[in-house]
Every structure is written in C-alpha cells, then in structure tokens.
Amino acid sequence: MASNDRPRTGGSPRPLRAGDTWWYAAVAGEAAGSFTTRVRTRARRGCLGAVLLLTVVYAGLVLTATGRRWGDAATTGRRADTTAATLLRDHPSLAGLTTLSLVLGCVLLLAAGLIGRRYVLTGLAAGGVVTALALTGLLRLYAPRPRLTGTGAALLPSGFPSAPTALALGVALGLALVVPHRLRAPAVGAATLWAAAVGAHTIADGRHRPGDVIAAALLVLAVFCGILALRARKGEVRPAPRRPPALLVLLPLVLVAAGGLGAGIWLLGDTLALPATAPYDPAELRLAHRCGQALAAGVTAAAGTVLLLLLRHVDVDGPPPPYRLGGPFAEAAGAPEDEELVGPFTEDHDHEIS
C-alpha cells in the first residue's frame with residue numbers, strides 16, 4: 001500500500017479536495033486504494049478501449065473488401081491531391097528529415113530521463129516503445145488477412161500497423177513518464193503533434209494506408225495505458241499539485257484531434273461509396289486521401305490527449321519520500337542516520353512534559 005493511501009487514524013477518510021497536494025495525502029493518509037485505484041481503473045479502461053478500437057479498425061479496414069478498397073483509394077488519391085504531391089516533389093528531403101527526426105526523438109526520450117535521474121521510468125518508457133514496435137512487427141507478420149490476386153489485389157503490401165507512427169507516438173507518450181509533471185503537457189502535446197505529422201507523411205508518400213497509422217496510434221496508447229495501470233497497481237503513483245493547463249500546446253492538440261476526427265468521419269460516408277472496380281473519379285480519390293489524412297491525424301492527436309487526461313493530477317514518480325520532523329527535541333538527539341525516522345520527541349528523559 002502506498003504511503004499516500006494509508007487511512008487516517010481516529011477519523012473517517014475524506015476524498016481529496018481542490019487545492020490538496022500530494023503532501024496532504026501523505027500526511028493525512030487518505031483511504032486505502034482511493035487514489036491508486038482510481039488511476040488504475042482509468043488506465044485499464046483506456047487500455048481496453050484502445051484494444052477494442054484497434055480490433056474494430058482491423059476488422060473494418062483489413063478484413064472487409066470495402067475497407068481495403070477505401071485504403072487503396074486513399075493511397076491512390078495522393079497523386080490526385082496536387083497540394084500534397086507538389087509539396088513532396090518540391091521538398092524530397094522530407095523523407096530524410098522524417099527518419100532523422102525519429103532518431104532524434106529516441107535520443108531526446110533517453111536524454112530527458114537520464115538527465116532527470118529517472119532511471120526506472122526511463123526504462124519503462126523505452127520498454128513501452130520496444131513493446132509497441134514488437135507488437136507492430138508481430139501483427140504485420142502473423143495477423144490474418146485475405147490473399148488478394150488479380151485485379152482485386154492491393155496496390156501495396158499490407159503495412160498494418162505503421163512502424164514509423166508507432167515509434168514516433170511511442171516517443172511522445174514515453175515523455176509522459178520521464179518528464180517532470182509541470183512540463184508533461186507541453187512536452188507530450190508538442191511531441192504528439194510531431195507524431196501526427198510523421199503519420200501524415202507516411203500516408204502522403206504512399207508507404208502506408210490511413211488504417212495502418214490509426215492502428216499504430218491505438219496500439220501505442222494501449223501499451224502505455226497498460227504500463228500506467230501496472231505502476232498504479234504497485235502504488236507507485238501519487239497525487240500531483242494542481243496546475244493551470246498549458247493551453248498554448250494543449251489547444252492545438254485538442255483542435256487537431258477534434259477537427260481531424262470530425263472532418264474524417266464527415267467525409268468517410270462519401271468516400272466509402274466507391275465503385276467496386278476502376279476507373280475511379282479523381283475527385284473521389286482526392287477526397288478519400290484527405291479523409292484518410294484527417295482520420296489518421298485525429299486519432300494520433302486523440303491518443304496523446306487521452307493519455308494526458310488519464311494522467312491529470314497524477315505524478316508517476318513513485319510514492320512520496322518519508323517525512324522527517326524536526327524541532328528542539330529532535331535536534332537535542334543529534335543528527336539521525338540515513339534510514340532513521342525522526343520524530344518530535346527524543347529519548348532524553350530530562351525533558352519532562354507537564
């Protein structure tokens with residue numbers, strides 16, 4: 001049981017109120033499991049919800065003919081979308097910059113944790129990224145998918161889920177573990193927007209379908225929600241001080257999530273009604289490509305938003321340290337040892353309490 005979950009002696013526990021900080025919970029001793037149980041429950045629900053949505057995306061966009069046709073249309077539509085095609089043609093170095101940014105992102109994740117001396121949390125963040133990439137590889141190798149031949153074959157091999165998106169979003173969500181609480185929202189928000197840009201680039205250059213990026217985002221969210229649930233189960237989370245939200249970063253993240261999901265769902269109904277065989281209208285292909293871009297960016301941004309909401313007022317840096325009480329009686333006893341708890345009274349019997 002975590003120290004901030006011990007019940008108070010001689011009184012009924014009360015829930016945390018606005019303005020209470022982690023030291024209040026440690027000193028007053030809230031009800032057993034009141035805080036860690038709430039964190040664990042939220043994280044488990046987030047993990048389960050991400051897995052269920054991943055299953056729906058896999059069934060709808062990989063196993064059904066309509067979903068595969070929509071994915072191929074979104075891939076072909078990148079050529080009909082003159083804006084994206086012109087940008088990639090005029091800036092061929094974007095592919096190299098994307099790869100370089102992934103490498104720098106991994107270095108930043110490790111450096112942020114090691115500089116802050118959060119060695120255990122850095123290991124957990126790195127383990128989360130490696131787990132997400134391993135699951136991505138397993139799904140790409142062993143997830144059953146129909147064998148297509150002839151005119152109904154797919155335009156490119158299945159890349160479900162997208163490994164670059166999984167790596168980028170894994171770095172972004174891993175920062176939630178290694179960055180101090182006061183810097184968590186800006187760091188995770190900015191990194192999630194970068195991950196959404198990486199996913200959009202993989203769709204624009206034809207390496208992945210929109211469903212691959214969406215599945216990678218849901219997979220990474222499930223992995224890090226599972227890590228948070230395990231950490232809460234061990235009592236290694238504590239209430240964090242309430243701070244004003246970082247609107248400068250959170251507002252763009254929320255706008256990308258809401259705008260991408262809203263626009264993508266609104267356009268999805270029109271783009272699913274594609275004919276079963278070619279030729280397709282270039283306008284429909286362009287619409288399918290933009291719909292896929294919007295959905296992929298919206299889901300990626302929503303994944304970062306969900307994790308930040310699950311971690312609101314939560315510090316993952318373990319339970320609070322033991323408290324040492326001082327005063328004239330404690331000072332008379334001399335300096336304590338490192339593992340010795342100090343109280344307000346000493347063994348000096350010359351001090352008599354009347």
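## A walk through a predicted, mostly helical chain

Val-103 sits in helix α5, and this predicted model gives us a handy place to start. With a relative accessible area of 47%, Val-103 is partly exposed. Its C-alpha atom is separated by 9.6 Å from that of Leu-167, a residue 64 positions away along the chain.

**Overall layout**

Stepping back, the chain has 12 helices and 2 strands. Reading from the N terminus, the order of elements is α-α-α-α-α-α-α-α-α-β-α-α-β-α. The chain has 354 residues, and 44% of them count as buried. Among contacts with a separation of 6 or more, 79% join residues that are 24 or more positions apart. The accessible surface comes to about 18,500 Å², with 65% of that belonging to carbon and sulfur atoms.

**The nonpolar core**

What lies at the heart of the contact network in the largest nonpolar core, and which residues touch the most other members? They are Leu-169, Phe-224 and Val-316, in a core of 73 residues. Helix α9 (residues 210-233) supplies the largest share of this core, with 17 residues. Val-316 also shows which parts of the chain meet here: beyond its neighbours within four places in sequence, its contacts include Leu-121, Ala-176, Leu-177, Leu-228, Val-237 and Leu-311. Charged residues are on the list of Val-316 contacts too, among them Arg-184, Arg-231 and Glu-236.

**Salt bridges**

The structure holds 5 salt bridges, and the table shows some of them.

| Pair | N to O distance |
|---|---|
| Arg-209 and Asp-72 | 3.3 Å |
| Asp-317 and Arg-118 | 3.6 Å |
| Asp-205 and Arg-207 | 3.0 Å |

Arg-209 forms its salt bridge with Asp-72. Because Arg-209 lies in the loop between α8 (181-204) and α9 while Asp-72 belongs to helix α3 (residues 65-80), this pair ties together parts that are 137 residues apart in sequence. Both Arg-209 and Asp-72 are buried.

The side chains of Asp-317 and Arg-118 also meet in a salt bridge. This pair links distant parts of the chain, 199 residues apart: Asp-317 is in the loop between β2 and α12 (328-332), and Arg-118 is in the loop between α5 and α6. Asp-317 is partly exposed at 33% relative accessibility, whereas Arg-118 is buried at 11%.

In the remaining pair of the table, Asp-205 has a relative accessible area of 24% and is partly exposed. Arg-207 is likewise partly exposed, at 41%.

**Unusual backbone and a surface patch**

Most residues other than glycine have a negative phi. Arg-117 has a positive phi of about 60° although it is not a glycine. Arg-117 is in the loop between α5 (94-115) and α6 (119-142), and its relative accessibility of 68% makes it exposed. His-313 also has a positive phi of about 60°. His-313 belongs to the loop between α11 (282-310) and β2 (314-315) and is partly exposed, at 29%.

On the surface, Leu-135, Leu-138, Leu-141 and Tyr-142 form a nonpolar patch with about 450 Å² of accessible area together. Leu-138 of this patch is in helix α6 and is partly exposed, at 45%.

**How far to trust the details**

The mean pLDDT of the chain is 80, and 75% of its residues reach 70 or more. Over residues 149-154 pLDDT stays under 50, and the model has 5 contacts beyond four places in sequence for this stretch. Residues 321-327 also have pLDDT below 50, with 17 contacts beyond near neighbours in sequence. Where pLDDT is low, the predicted coordinates should not be read in detail.

Note on methods:
Residues numbered from 1 in each chain as written. Heavy atoms only, no water. Helix = DSSP H or I, 4+ residues; strand = E, 2+ residues; numbered from the N terminus. Buried < 20%, exposed > 50% of the residue type's maximum accessible area, 1.4 Å probe, protein only. Patch = residues over 30% accessible without salt bridge, like charges linked within 9 Å, V, L, I, M, F, W, Y side chains within 5 Å. Areas by Shrake-Rupley, 256 points an atom, 1.4 Å probe, with all protein chains shown as cover. Salt bridge = Lys/Arg side-chain N within 4 Å of Asp/Glu carboxyl O. pLDDT = per-residue confidence, 0-100. Contact = heavy atoms within 4.5 Å. Core = buried A, V, L, I, M, F, W, Y, C linked by side-chain atoms within 4.5 Å.
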